[in-house]
Amino acid sequence: MISTKTSCLVLGATGSFGYALTTELLKSNISTTILVRDPKQAKTLFPNSQSLDIVEGNVLDEKHVATLSKDKTHIAHCINVAYEDWSKVMPRSTEIVANCAIENQSTILFPGNIYGFGTQPKINESSIPIPISKKGN
């Protein structure tokens, strides 16, 4: 159950899982901060939300993520990178999220990856898995 004191930092809010989660958080008027590389895209995806704070940055900037997560009850690790970049990004970003969650006693939301959903532009609760590669099976 989400309480009114819930606050969330979403990493990867402009991707499939992050978009779906952020949309639901905003519908519930949950205080949400998103860390994005492209604020213009985020403002297009999430217009006119009073409970949203859009912050430009990089998930690999540990100090920035630590600062943003300081008062958050939840940290959503929804980033997904190209398969060939996973070894460069995912272990370190996951470590950063874990360190911040430990420090702040936050809950981590970690949906996994989107390979099972193929090339669907945005996913939601009713999306059907349609993998297009061996990784998605």
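What follows is a friendly conversation about how the features of this predicted model earn their names.

Biologist: Let's start with the sheet. What makes strand 1 and strand 2 a pair?

Modeller: Two strands pair if DSSP finds at least two bridges between them. Strand 1 (residues 7-11) and strand 2 are joined by 5 bridges and run parallel, so by the cut-off of at least two bridges they count as a pair. Ser7 stands opposite Ser31, and Val10 stands opposite Ile34.

Biologist: And how do you know that strand 2 also pairs with strand 3?

Modeller: The reasoning is similar. Between strand 2 and strand 3 (residues 52-56) there are 5 bridges, in the parallel sense. Val36 has Glu56 of strand 3 opposite.

Biologist: What joins strand 4 to its neighbours, strand 1 and strand 5?

Modeller: Strand 4 (residues 74-77) runs parallel to strand 1, with 4 bridges between them, and Leu11 has His77 as its bridge partner. Strand 4 and strand 5 pair over 3 bridges, again in the parallel sense, with Ala76 partnered by Leu109. Both counts satisfy the requirement of at least two bridges.

Biologist: So in what order do the strands lie in the open sheet?

Modeller: The order is 3-2-1-4-5, with parallel pairing among the 5 strands.

Biologist: Why are strand 3 and strand 5 called edge strands?

Modeller: Strand 3 and strand 5 (107-109) each pair on one side only, and that is what the name refers to. From one strand to the next, the twist averages 20°.

Biologist: Now the helices. What is the handedness of the unit made by strand 1, helix 1 and strand 2?

Modeller: These elements form a β-α-β unit that is right-handed. The name applies because, with the strands pointing away from the viewer, the path over the helix runs clockwise. The next crossover, from strand 2 through helix 2 (residues 39-45) to strand 3, is right-handed as well.

Biologist: How do you know that the span of helix 1 is close to the expected one?

Modeller: Helix 1 has 12 residues, and the expectation at 1.5 Å a residue is 16 Å. From first C-alpha to last, helix 1 reaches 17 Å, which is close to that. Just after helix 1, Asn29 takes a positive phi of about 60°.

Biologist: Which strands do the buried residues of helix 1 pack against?

Modeller: They pack against strand 1, strand 2 and strand 3. Phe17, Leu25 and Leu26 are among those buried residues.

Biologist: Why is strand 2 described as largely enclosed?

Modeller: A residue is buried under 20% relative accessible area. In strand 2 (residues 31-36), 5 of the 6 residues are buried, so the rest of the structure largely encloses this strand.

Biologist: What makes both faces of strand 1 covered?

Modeller: Ser7, Leu9 and Leu11 on one side are buried, and so are Cys8 and Val10 on the other. That agrees with the count for strand 1, where 5 of its 5 residues are buried.

Biologist: Finally, at what angle do helix 3 and helix 4 cross, and how close do their axes come?

Modeller: The axes of helix 3 (residues 62-69) and helix 4 (residues 86-104) cross at roughly 35° and come within 10 Å. The crossing is right-handed. Residues in the meeting include Val65 and Ala66 in helix 3, and Ile96 and Cys100 in helix 4. Helix 3 also lies across strand 1, strand 2, strand 3 and strand 4, at about 170° to strand 2. Helix 4 packs on the sheet too, touching strand 1, strand 4 and strand 5.

Definitions and conventions
Residues numbered from 1 in each chain as written. Predicted model: local features only at pLDDT ≥ 70, side-chain atom pairs only at ≥ 80, totals over all residues. Heavy atoms only, no water. Buried < 20%, exposed > 50% of the residue type's maximum accessible area, 1.4 Å probe, protein only. Helix = DSSP H or I, 4+ residues; strand = E, 2+ residues; numbered from the N terminus. Expected span 1.5 Å × (residues − 1). Contact = heavy atoms within 4.5 Å. Axes fitted to C-alpha atoms, helices over the stretch in contact; angles between N-to-C directions. Left-handed = near helix turned anticlockwise from the far one by under 90°.
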